[in-house]
Amino acid sequence: MILALLLLVVALCVVLAGWAGWFVARDRAVILNQLWGGAVIEGVVLIQGVVAIVLGATGAGADDPLLFWGYFATTLVILPVAAAWAFAERTKWSSVVLLVASLTVAFLQWRLWQIWMGA
């Protein structure tokens, strides 16, 4: 994994979580632009996965690949599920769902880094 990509994903997640938190405070539902923000994060995570595959193929992979790819698969699923849920739920709770999902992805990125580094 590349630390710069990890930091980018975490920063984007924190921005999206802040945006969703602002909507929670204002009692508003998620808007389409926020879902596009989640899609951008998902795209960067996919790029990160390609990088991890290439690095793993060259011998610089995680010590526990099963655990790493399990966490990675979970990371890939969280935002799309949250987006579908937020799209279906048209109350402020959709913003809460997006907030929690964004923070969860940010946390999982740090956990992926720990696994990659052998911690």
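pLDDT is the predictor's confidence in each residue, on a scale from 0 to 100. With that in hand, welcome to a short tour of this predicted model.

**Figure 1. Confidence along the predicted protein chain.** The protein chain has an average pLDDT of 94, and 99% of its residues reach at least 70. Looking element by element, helix H1 has the highest mean pLDDT, at 97. The lowest mean, 94, belongs to helix H3, which covers residues 65–88.

**Figure 2. Four helices make up the fold.** Let us step back for a look at the whole chain before moving in. The secondary structure consists of four helices and zero strands, giving the pattern α-α-α-α when read along the sequence. The radius of gyration is 15 Å, close to the 14 Å from the globule rule for 119 residues, so the protein chain is as compact as a globular protein of that length. Its C-alpha trace spans about 50 × 20 × 20 Å along the principal axes. Among contacts with a separation of 6 or more, 81% join residues that are 24 or more positions apart.

**Figure 3. Ser95, a buried residue of helix H4.** Our next close-up centres on Ser95, found in the helix that runs through residues 92–117. Ser95 counts as buried because its relative accessible area is 0%, while the cut-off for buried is under 20%. Leaving aside residues up to four places away in sequence, Ser95 touches Ala20, Phe23, Val24, Arg28, Ala29 and Val30. In the protein chain as a whole, 37% of the 119 residues count as buried.

**Figure 4. Asp27, an exposed loop residue with a positive phi.** Here we visit the loop between H1 and helix H2 (32–57), where Asp27 lies. The phi angle of Asp27 is near 60°, a positive value in a residue other than glycine. Asp27 is exposed because its relative accessible area is 55%, and exposed means over 50%.

**Figure 5. A nonpolar surface patch made by Leu3, Leu7 and Trp110.** For the last stop, we turn to the surface. Together, these three residues, Leu3, Leu7 and Trp110, form a nonpolar patch of about 270 Å². Leu3 sits in helix H1, which covers residues 3–25. Leu3 counts as partly exposed because its relative accessibility is 37%, a value that falls between the cut-offs of 20% for buried and 50% for exposed. For the wider setting, the accessible surface of the protein chain comes to about 6300 Å², with 75% of that area belonging to carbon and sulfur atoms.

Methods
Residues are numbered from 1 along each chain as its sequence is written. This is a predicted model: local features need pLDDT of at least 70, side-chain atom pairs count only at pLDDT 80 or more; totals for chains, interfaces and linings use all residues. Side-chain values use heavy atoms; hydrogens and water are left out. Patches are made of residues with over 30% relative accessible area and no salt bridge: like charges are joined within 9 Å, nonpolar side chains (Val, Leu, Ile, Met, Phe, Trp, Tyr) within 5 Å. Accessible areas come from the Shrake-Rupley method with a 1.4 Å probe; for residues, only the protein chains shown count as cover. A salt bridge is a side-chain nitrogen of Lys or Arg within 4 Å of a carboxyl oxygen of Asp or Glu. Helices (H or I, at least four residues) and strands (E, at least two) are DSSP runs, numbered from the N terminus. Buried means under 20% relative accessible area, exposed over 50%, partly exposed in between (1.4 Å probe, protein chains only). Contact means heavy atoms within 4.5 Å. The radius of gyration is taken over C-alpha atoms; the globule rule is 2.2 Å times the number of residues to the power 0.38.
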